[in-house]
Amino acid sequence: AKLVMLEDMRRALDTTLADETHDATDGQAPALQAPAGRFHLLYQPKVDLRTGRLFGVEALIRWRHPEHGIVPPMRFIGLAEESGLIVGLGEWVVRTACRQAQLWRAAGLDPLTVSVNVSARQFEEKRLVDRIAGALRDTGLPPCALDLEVTESLLMRDLNQAIERMRELKEMGVTLSIDDFGTGYSSLSALKSFPISTLKIDKSFVRDLASSSDDQAIALAVISLGHRLHLRVIAEGVETVEQRDFLLANDCDEMQGYLFSPPVPAERITEMLQAQQRQ
Ligand code: C2E
Ligand code: CA
Ligand code: CA
Ligand code: CA
(Lines give C-alpha, C1' and ligand atoms only; values in the text may rest on other atoms or scores of the structure.)
(Ligands and ions follow the chains in the order given, each with its own letter.)
Protein backbone atom coordinates (compact mmCIF):
# COMPACT_ATOMS: atom_id res chain seq x y z
CA ALA A 1 0.00 0.00 0.00
CA LYS A 2 2.89 2.29 0.81
CA LEU A 3 4.47 1.67 -2.58
CA VAL A 4 1.21 2.37 -4.38
CA MET A 5 0.82 5.57 -2.43
CA LEU A 6 4.38 6.61 -3.25
CA GLU A 7 3.79 5.91 -6.94
CA ASP A 8 0.57 7.98 -6.82
CA MET A 9 2.44 10.79 -5.11
CA ARG A 10 5.25 10.78 -7.68
CA ARG A 11 2.69 10.93 -10.48
CA ALA A 12 0.80 13.75 -8.76
CA LEU A 13 4.00 15.79 -8.42
CA ASP A 14 4.90 15.21 -12.09
CA THR A 15 1.40 16.21 -13.18
CA THR A 16 1.39 19.27 -10.96
CA LEU A 17 4.75 20.41 -12.35
CA ALA A 18 3.74 19.65 -15.96
CA ASP A 19 0.53 21.71 -15.60
CA GLU A 20 2.65 24.71 -14.74
CA THR A 21 4.99 24.48 -17.68
CA HIS A 22 1.99 24.23 -20.01
CA ASP A 23 0.28 27.13 -18.27
CA ALA A 24 -2.89 25.17 -17.67
CA THR A 25 -4.95 28.22 -16.80
CA ASP A 26 -4.44 29.90 -20.18
CA GLY A 27 -5.18 33.34 -18.83
CA GLN A 28 -8.43 32.21 -17.23
CA ALA A 29 -9.02 32.50 -13.52
CA PRO A 30 -7.59 29.40 -11.85
CA ALA A 31 -10.12 26.87 -10.63
CA LEU A 32 -10.91 27.13 -6.93
CA GLN A 33 -10.52 23.38 -6.59
CA ALA A 34 -7.36 21.94 -8.06
CA PRO A 35 -8.08 19.11 -10.50
CA ALA A 36 -7.76 15.53 -9.27
CA GLY A 37 -4.31 14.00 -9.16
CA ARG A 38 -2.53 17.23 -8.25
CA PHE A 39 -1.15 19.01 -5.27
CA HIS A 40 -2.36 22.47 -4.35
CA LEU A 41 -1.80 24.95 -1.56
CA LEU A 42 -4.27 26.47 0.85
CA TYR A 43 -3.37 29.58 2.83
CA GLN A 44 -4.31 30.24 6.44
CA PRO A 45 -4.36 33.85 7.68
CA LYS A 46 -2.08 35.04 10.47
CA VAL A 47 -3.56 37.98 12.31
CA ASP A 48 -2.09 40.67 14.55
CA LEU A 49 -3.84 40.13 17.89
CA ARG A 50 -3.90 43.80 18.89
CA THR A 51 -5.06 45.33 15.60
CA GLY A 52 -6.87 42.36 14.07
CA ARG A 53 -5.04 42.92 10.79
CA LEU A 54 -4.24 40.11 8.41
CA PHE A 55 -0.45 40.38 7.98
CA GLY A 56 0.62 36.95 6.78
CA VAL A 57 -0.42 33.50 5.64
CA GLU A 58 0.84 29.97 6.18
CA ALA A 59 0.91 27.78 3.08
CA LEU A 60 -0.52 24.31 3.76
CA ILE A 61 -0.31 21.56 1.17
CA ARG A 62 -3.23 19.43 -0.02
CA TRP A 63 -3.26 16.45 -2.33
CA ARG A 64 -6.34 15.72 -4.38
CA HIS A 65 -6.12 11.98 -4.99
CA PRO A 66 -8.06 10.74 -8.05
CA GLU A 67 -9.89 8.06 -6.00
CA HIS A 68 -9.54 9.04 -2.35
CA GLY A 69 -10.29 12.74 -2.63
CA ILE A 70 -8.41 15.27 -0.51
CA VAL A 71 -5.58 13.62 1.43
CA PRO A 72 -4.38 15.65 4.46
CA PRO A 73 -0.62 16.23 4.78
CA MET A 74 -0.40 14.13 7.95
CA ARG A 75 -1.14 11.12 5.73
CA PHE A 76 1.60 11.69 3.13
CA ILE A 77 4.33 14.05 4.38
CA GLY A 78 5.96 11.23 6.38
CA LEU A 79 6.18 9.00 3.34
CA ALA A 80 7.40 11.88 1.19
CA GLU A 81 10.17 12.43 3.76
CA GLU A 82 11.16 8.77 3.95
CA SER A 83 11.34 8.45 0.19
CA GLY A 84 13.08 11.75 -0.47
CA LEU A 85 10.18 12.98 -2.60
CA ILE A 86 9.79 15.81 -0.09
CA VAL A 87 12.77 17.58 -1.67
CA GLY A 88 11.04 18.06 -5.03
CA LEU A 89 7.65 18.51 -3.43
CA GLY A 90 9.02 21.05 -0.97
CA GLU A 91 10.62 23.01 -3.76
CA TRP A 92 7.27 23.15 -5.55
CA VAL A 93 5.65 24.41 -2.32
CA VAL A 94 8.25 27.17 -1.87
CA ARG A 95 8.00 28.30 -5.50
CA THR A 96 4.21 28.24 -5.54
CA ALA A 97 3.92 30.12 -2.24
CA CYS A 98 6.47 32.76 -3.35
CA ARG A 99 4.74 33.22 -6.70
CA GLN A 100 1.36 33.67 -5.00
CA ALA A 101 2.74 36.13 -2.43
CA GLN A 102 4.31 38.15 -5.23
CA LEU A 103 0.96 38.19 -7.11
CA TRP A 104 -0.69 39.72 -4.02
CA ARG A 105 2.04 42.35 -3.85
CA ALA A 106 1.83 43.16 -7.53
CA ALA A 107 -1.93 43.67 -7.14
CA GLY A 108 -1.19 46.48 -4.69
CA LEU A 109 -2.75 44.66 -1.75
CA ASP A 110 -1.36 45.01 1.78
CA PRO A 111 1.96 43.16 1.68
CA LEU A 112 1.78 39.75 3.33
CA THR A 113 4.48 37.46 4.56
CA VAL A 114 4.10 33.86 3.44
CA SER A 115 5.19 31.06 5.76
CA VAL A 116 6.25 27.69 4.41
CA ASN A 117 6.73 24.52 6.47
CA VAL A 118 10.11 22.93 5.98
CA SER A 119 10.65 19.34 7.04
CA ALA A 120 13.82 17.80 8.43
CA ARG A 121 14.88 16.06 5.24
CA GLN A 122 14.52 19.29 3.27
CA PHE A 123 16.39 21.28 5.85
CA GLU A 124 19.28 18.84 5.85
CA GLU A 125 19.65 19.02 2.10
CA LYS A 126 22.74 20.95 1.12
CA ARG A 127 21.06 22.75 -1.75
CA LEU A 128 18.16 24.09 0.35
CA VAL A 129 19.58 27.59 0.53
CA ASP A 130 20.22 27.70 -3.25
CA ARG A 131 16.75 26.41 -3.99
CA ILE A 132 15.17 29.07 -1.86
CA ALA A 133 17.35 31.79 -3.34
CA GLY A 134 16.31 30.53 -6.79
CA ALA A 135 12.60 30.63 -5.93
CA LEU A 136 12.93 34.20 -4.65
CA ARG A 137 14.90 35.31 -7.69
CA ASP A 138 12.53 33.70 -10.19
CA THR A 139 9.36 35.03 -8.58
CA GLY A 140 10.72 38.44 -7.60
CA LEU A 141 9.44 38.10 -4.03
CA PRO A 142 11.54 40.11 -1.56
CA PRO A 143 13.26 37.66 0.83
CA CYS A 144 11.81 39.44 3.87
CA ALA A 145 8.34 38.35 2.70
CA LEU A 146 9.25 34.67 3.07
CA ASP A 147 9.16 32.95 6.46
CA LEU A 148 10.18 29.34 7.05
CA GLU A 149 8.55 27.31 9.82
CA VAL A 150 10.82 24.66 11.29
CA THR A 151 10.29 22.42 14.32
CA GLU A 152 12.55 22.11 17.34
CA SER A 153 13.09 18.41 16.78
CA LEU A 154 14.30 19.10 13.25
CA LEU A 155 16.82 21.61 14.55
CA MET A 156 18.09 19.31 17.28
CA ARG A 157 18.98 16.54 14.81
CA ASP A 158 22.24 18.26 13.93
CA LEU A 159 22.43 21.39 15.96
CA ASN A 160 25.52 22.97 14.43
CA GLN A 161 24.48 22.31 10.88
CA ALA A 162 21.00 23.66 11.60
CA ILE A 163 22.37 26.87 13.09
CA GLU A 164 24.73 27.33 10.15
CA ARG A 165 21.91 26.83 7.64
CA MET A 166 19.65 29.20 9.55
CA ARG A 167 22.34 31.86 9.51
CA GLU A 168 22.69 31.59 5.74
CA LEU A 169 18.94 31.97 5.32
CA LYS A 170 18.82 34.91 7.69
CA GLU A 171 21.65 36.59 5.84
CA MET A 172 19.60 36.24 2.68
CA GLY A 173 16.80 38.13 4.44
CA VAL A 174 14.40 35.21 4.97
CA THR A 175 12.87 34.94 8.46
CA LEU A 176 12.57 31.75 10.51
CA SER A 177 9.95 30.60 12.99
CA ILE A 178 9.91 27.71 15.42
CA ASP A 179 6.72 25.71 14.85
CA ASP A 180 4.94 23.62 17.51
CA PHE A 181 7.07 25.23 20.19
CA GLY A 182 7.01 23.32 23.46
CA THR A 183 6.23 19.90 21.98
CA GLY A 184 9.77 18.91 21.12
CA TYR A 185 12.60 19.43 23.46
CA SER A 186 15.16 21.93 22.42
CA SER A 187 17.33 23.11 25.23
CA LEU A 188 16.87 26.73 26.14
CA SER A 189 20.54 27.36 25.41
CA ALA A 190 20.03 26.09 21.84
CA LEU A 191 17.06 28.39 21.46
CA LYS A 192 19.31 31.32 22.28
CA SER A 193 21.60 30.55 19.35
CA PHE A 194 18.85 30.13 16.75
CA PRO A 195 18.58 33.18 14.47
CA ILE A 196 14.78 33.13 14.54
CA SER A 197 12.17 35.86 14.67
CA THR A 198 9.05 34.07 15.93
CA LEU A 199 7.95 31.34 18.34
CA LYS A 200 4.74 29.55 17.56
CA ILE A 201 2.81 28.18 20.55
CA ASP A 202 1.57 24.73 19.61
CA LYS A 203 -2.16 24.24 19.31
CA SER A 204 -2.13 21.48 21.92
CA PHE A 205 -1.50 24.21 24.52
CA VAL A 206 -4.13 26.52 23.06
CA ARG A 207 -7.01 24.05 22.91
CA ASP A 208 -7.86 24.08 26.65
CA LEU A 209 -6.49 27.53 27.33
CA ALA A 210 -9.77 28.82 28.77
CA SER A 211 -10.05 26.03 31.37
CA SER A 212 -6.63 24.52 32.02
CA SER A 213 -4.38 26.45 34.38
CA ASP A 214 -1.47 24.24 33.27
CA ASP A 215 -1.92 25.28 29.65
CA GLN A 216 -2.25 28.89 30.74
CA ALA A 217 1.04 28.59 32.61
CA ILE A 218 2.75 27.14 29.54
CA ALA A 219 1.36 29.82 27.22
CA LEU A 220 2.46 32.57 29.62
CA ALA A 221 5.92 31.05 29.93
CA VAL A 222 6.36 30.85 26.14
CA ILE A 223 5.16 34.43 25.67
CA SER A 224 7.52 35.82 28.28
CA LEU A 225 10.45 33.66 27.14
CA GLY A 226 9.86 34.78 23.54
CA HIS A 227 9.67 38.43 24.46
CA ARG A 228 12.77 38.28 26.62
CA LEU A 229 14.61 36.86 23.63
CA HIS A 230 13.16 39.67 21.46
CA LEU A 231 11.01 37.29 19.45
CA ARG A 232 7.43 37.63 18.32
CA VAL A 233 5.02 35.03 19.64
CA ILE A 234 2.14 33.57 17.63
CA ALA A 235 -0.48 31.12 18.89
CA GLU A 236 -1.86 28.53 16.48
CA GLY A 237 -5.18 26.69 16.71
CA VAL A 238 -7.12 29.66 18.11
CA GLU A 239 -10.76 28.62 17.79
CA THR A 240 -12.66 30.61 20.41
CA VAL A 241 -13.08 34.18 21.60
CA GLU A 242 -12.04 33.07 25.09
CA GLN A 243 -8.72 31.76 23.81
CA ARG A 244 -8.12 34.95 21.85
CA ASP A 245 -9.00 37.17 24.82
CA PHE A 246 -6.63 35.26 27.08
CA LEU A 247 -3.79 35.59 24.56
CA LEU A 248 -4.47 39.26 23.94
CA ALA A 249 -4.66 40.05 27.66
CA ASN A 250 -1.34 38.28 28.15
CA ASP A 251 0.54 40.11 25.43
CA CYS A 252 0.79 37.41 22.77
CA ASP A 253 1.48 39.14 19.42
CA GLU A 254 -0.24 37.14 16.71
CA MET A 255 -2.77 34.39 16.20
CA GLN A 256 -3.83 31.84 13.65
CA GLY A 257 -6.82 29.51 13.79
CA TYR A 258 -10.38 28.71 12.83
CA LEU A 259 -11.68 31.69 14.84
CA PHE A 260 -10.39 34.02 12.15
CA SER A 261 -10.27 31.58 9.23
CA PRO A 262 -9.42 27.98 8.31
CA PRO A 263 -6.89 27.42 5.51
CA VAL A 264 -8.51 28.71 2.28
CA PRO A 265 -7.71 28.97 -1.45
CA ALA A 266 -5.62 31.98 -2.55
CA GLU A 267 -8.67 33.72 -4.04
CA ARG A 268 -10.29 33.94 -0.61
CA ILE A 269 -7.16 35.61 0.79
CA THR A 270 -7.34 38.13 -2.07
CA GLU A 271 -10.94 38.94 -1.06
CA MET A 272 -9.95 39.32 2.59
CA LEU A 273 -7.13 41.69 1.63
CA GLN A 274 -9.46 43.73 -0.58
CA ALA A 275 -12.01 44.00 2.26
CA GLN A 276 -9.24 45.03 4.66
CA GLN A 277 -8.09 47.79 2.30
CA ARG A 278 -11.61 49.21 2.02
CA GLN A 279 -11.86 49.59 5.80
P1 C2E B 1 1.37 22.60 11.25
O2 C2E B 1 2.47 23.26 10.52
O3 C2E B 1 1.46 22.58 12.74
O4 C2E B 1 0.03 23.28 10.74
C5 C2E B 1 -1.09 23.57 11.54
C6 C2E B 1 -2.22 22.59 11.29
O7 C2E B 1 -3.33 22.96 12.11
C8 C2E B 1 -2.75 22.60 9.87
O9 C2E B 1 -3.16 21.26 9.57
C10 C2E B 1 -3.97 23.50 9.98
O11 C2E B 1 -4.94 23.27 8.96
C12 C2E B 1 -4.48 23.13 11.33
N13 C2E B 1 -5.28 24.19 11.94
C14 C2E B 1 -5.31 25.50 11.63
N15 C2E B 1 -6.14 26.19 12.45
C16 C2E B 1 -6.64 25.29 13.32
C17 C2E B 1 -7.55 25.39 14.44
O18 C2E B 1 -8.04 26.46 14.79
N19 C2E B 1 -7.81 24.24 15.11
C20 C2E B 1 -7.27 23.03 14.76
N21 C2E B 1 -7.59 21.96 15.48
N22 C2E B 1 -6.40 22.90 13.72
C23 C2E B 1 -6.09 24.03 13.00
P24 C2E B 1 -2.82 20.61 8.15
O25 C2E B 1 -3.03 21.64 7.07
O26 C2E B 1 -3.58 19.34 8.07
O27 C2E B 1 -1.28 20.32 8.23
C28 C2E B 1 -0.77 19.37 9.14
C29 C2E B 1 0.74 19.39 9.17
O30 C2E B 1 1.28 18.95 7.93
C31 C2E B 1 1.31 20.78 9.40
O32 C2E B 1 1.25 21.06 10.78
C33 C2E B 1 2.72 20.59 8.87
O34 C2E B 1 3.53 19.99 9.84
C35 C2E B 1 2.51 19.61 7.73
N36 C2E B 1 2.49 20.35 6.45
C37 C2E B 1 1.48 21.00 5.84
N38 C2E B 1 1.86 21.54 4.67
C39 C2E B 1 3.18 21.24 4.53
C40 C2E B 1 4.16 21.53 3.52
O41 C2E B 1 3.93 22.21 2.52
N42 C2E B 1 5.42 21.02 3.73
C43 C2E B 1 5.73 20.29 4.85
N44 C2E B 1 6.98 19.84 4.98
N45 C2E B 1 4.83 20.01 5.82
C46 C2E B 1 3.56 20.48 5.66
CA1 CA C 1 3.40 25.22 10.55
CA1 CA D 1 1.76 23.31 14.73
CA1 CA E 1 3.35 20.22 13.14
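This passage walks through the surroundings of ligand 1 and the two calcium ions in a predicted model.

Start with the pocket. Ligand 1 takes up the space of the largest pocket, and 22 residues are found around it. Those that come nearest are Q44, R62, N117, E239 and Y258. By residue class, the shell around ligand 1 splits into 9 nonpolar, 6 polar and 7 charged residues. On the polar side of things, three side chains can be picked out. E239 puts an N or O atom of its side chain 2.5 Å from a nitrogen atom of ligand 1. N117 places a polar side-chain atom 3.0 Å from an oxygen atom of the ligand, and K203 does so at 3.1 Å from an oxygen atom of ligand 1. As for burial, ligand 1 has 800 Å² of accessible area on its own, and the protein covers 85% of that. Two elements, β2 (54–65) and β6 (175–181), each give two or more residues to the shell around ligand 1. Of these, β2 gives the most, with 4 residues.

Next come the metals. The calcium ion that is ligand 2 has E58 (OE), N117 (OD1), E149 (OE) and D179 (OD) as its protein donors, at 2.2 to 2.3 Å. Along the chain, these donors are spaced as E-x58-N-x31-E-x29-D. Distant parts of the chain are linked here: N117 belongs to strand β4 (residues 113–117) and E149 to strand β5 (residues 146–151), with the pair 32 residues apart. N117 therefore turns up twice in this account, as a donor to the calcium ion (ligand 2) and as a polar neighbour of an oxygen atom of ligand 1.The other calcium ion, ligand 3, sits 4.9 Å from the calcium ion that is ligand 2. Its protein donors come from D180 (OD) and E236, the latter listed with OE twice, and they lie 1.9 to 2.6 Å from the ion. D180 is in strand β6, whereas E236 is in the loop between β8 (232–235) and α11 (241–249), so this pair ties together parts of the chain that are 56 residues apart in sequence.

Note on methods: Residues numbered from 1 in each chain as written. Chains lettered and ligands numbered in written order. Predicted model: local features only at pLDDT ≥ 70, side-chain atom pairs only at ≥ 80, totals over all residues. Heavy atoms only, no water. Near = heavy atom within 4 Å. Polar contact = N/O pair within 3.5 Å; in protein donor to acceptor, adjacent residues only side chain to side chain. Areas by Shrake-Rupley, 256 points an atom, 1.4 Å probe, with all protein chains shown as cover. 1 Å grid on protein atoms, 1.4 Å probe; cavity = no way out; pocket = protein on both sides within 12 Å on 5 of 7 lines; lining within 4 Å. Sits in = over half its atoms within 2 Å of the grid points. Nonpolar A, V, L, I, M, F, W, Y, C, P; charged D, E, K, R; others polar. Donors = N, O, S within 2.8 Å, 3.2 Å for Na, K, Ca; no water.
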